[in-house]
Every structure is written in structure tokens, then in C-alpha cells.
Amino acid sequence: MEAEYDFSQGKRGAIDPTSLGKTRITIRLDNEILAWFREQVHSAGGGNYQTLINEALRQHIQQNCQSLEDTLRKVVREELERIER
């Protein structure tokens, strides 16, 4: 190694600090899932596929946290619509 490099004050760890309210994790996703999110970002002209995955997870949680009353209303509407056809 060249003598001009001095790593004595170097620090190990992530180059970019993690934003407040976010946690860095390791997750295994199917290749097809990851490819789909990357393609969505590419088709949109850029962005961050991880942000897109985060938003998809957030929407899934919000949809599954509906109140029982909202869920029942939705089911009744769907069933009435099916019967009326």
C-alpha cells in the first residue's frame, strides 16, 4: 500500500447515515419481486426502488387495518353488486 494513504483516523460503518425513523435491515426478496420494483422505478424515469417497496408495504398495512365496520360495508357492497348482475 502506498505510504501516502493514512487510514489511522478512518471509521468503519455505513457511508450514509440512516435517516431518523428508519432502520437498516437485511431482507431477502424473490428476484422477480425486486426486478418488478426496479422496473417500476426505471419506467418512471428514476427514483429509489427501496422507497417504492416501503410505500407498498405502508399501503398494505393501511388497507389491512380497516375497521371491522369498514370491512363489513365493503363486503356487503361487493356481494350486493354481485347479486344485482
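The exercises below work through the fold, the surface and a few side-chain contacts of this structure.

The model is a predicted one, in which local features need pLDDT of at least 70 and side-chain atom pairs count only at pLDDT 80 or more, while totals for chains, interfaces and linings use all residues. Residues are numbered from 1 along each chain as its sequence is written, and side-chain values use heavy atoms, with hydrogens and water left out.

**Exercise 1. Describe the secondary structure and the overall dimensions of the protein chain.**

Step 1. Helices (H or I, at least four residues) and strands (E, at least two) are DSSP runs, numbered from the N terminus; the protein chain has 3 helices and 0 strands, and their order from the N terminus on is α-α-α.

Step 2. The radius of gyration, taken over C-alpha atoms, is 23 Å for the protein chain, whereas a compact globule of 85 residues would have a value near 12 Å, the globule rule being 2.2 Å times the number of residues to the power 0.38.

Step 3. The C-alpha trace spans about 80 × 30 × 20 Å along the principal axes of the protein chain.

**Exercise 2. Work out how much of the protein chain is buried, and place two residues of the segment before α1.**

Step 1. A residue is buried under 20% relative accessible area, exposed over 50% and partly exposed in between (1.4 Å probe, protein chains only); of the 85 residues, 5% count as buried.

Step 2. D16 lies in the segment before α1 (31-43) and counts as exposed because its relative accessibility is 58%. D16 and I83 are 67 residues apart in sequence, and their C-alpha atoms are 56 Å apart in space.

Step 3. T26 also has its place in the segment before α1, and with 78% relative accessibility T26 counts as exposed. From T26 to E84 there are 58 residues in sequence and 49 Å in space, C-alpha to C-alpha.

**Exercise 3. Classify the aromatic pairs, and find the charge that sits over a ring.**

Step 1. Rings of Phe, Tyr and Trp (its six-membered ring) pair if their centres lie within 6.5 Å, and planes under 30 degrees apart count as stacked, over 60 as edge-to-face and the rest as tilted; the structure holds 2 such pairs.

Step 2. Y5 and F7 are stacked, with 6.2 Å centre to centre and 25° between the planes. Y5 counts as partly exposed because its relative accessibility is 45%, whereas F7, at 57%, counts as exposed.

Step 3. W36 and F37 have ring centres 5.0 Å apart and planes at 90°, so this pair is edge-to-face. W36 is partly exposed at 48% relative accessibility, while F37 is buried, with a relative accessible area of 12%.

Step 4. A charge sits over a ring if NZ of Lys or CZ of Arg is within 6 Å of the ring centre and within 35 degrees of the ring normal; the charged end of R38 sits over the ring of Y49, 4.7 Å from its centre.
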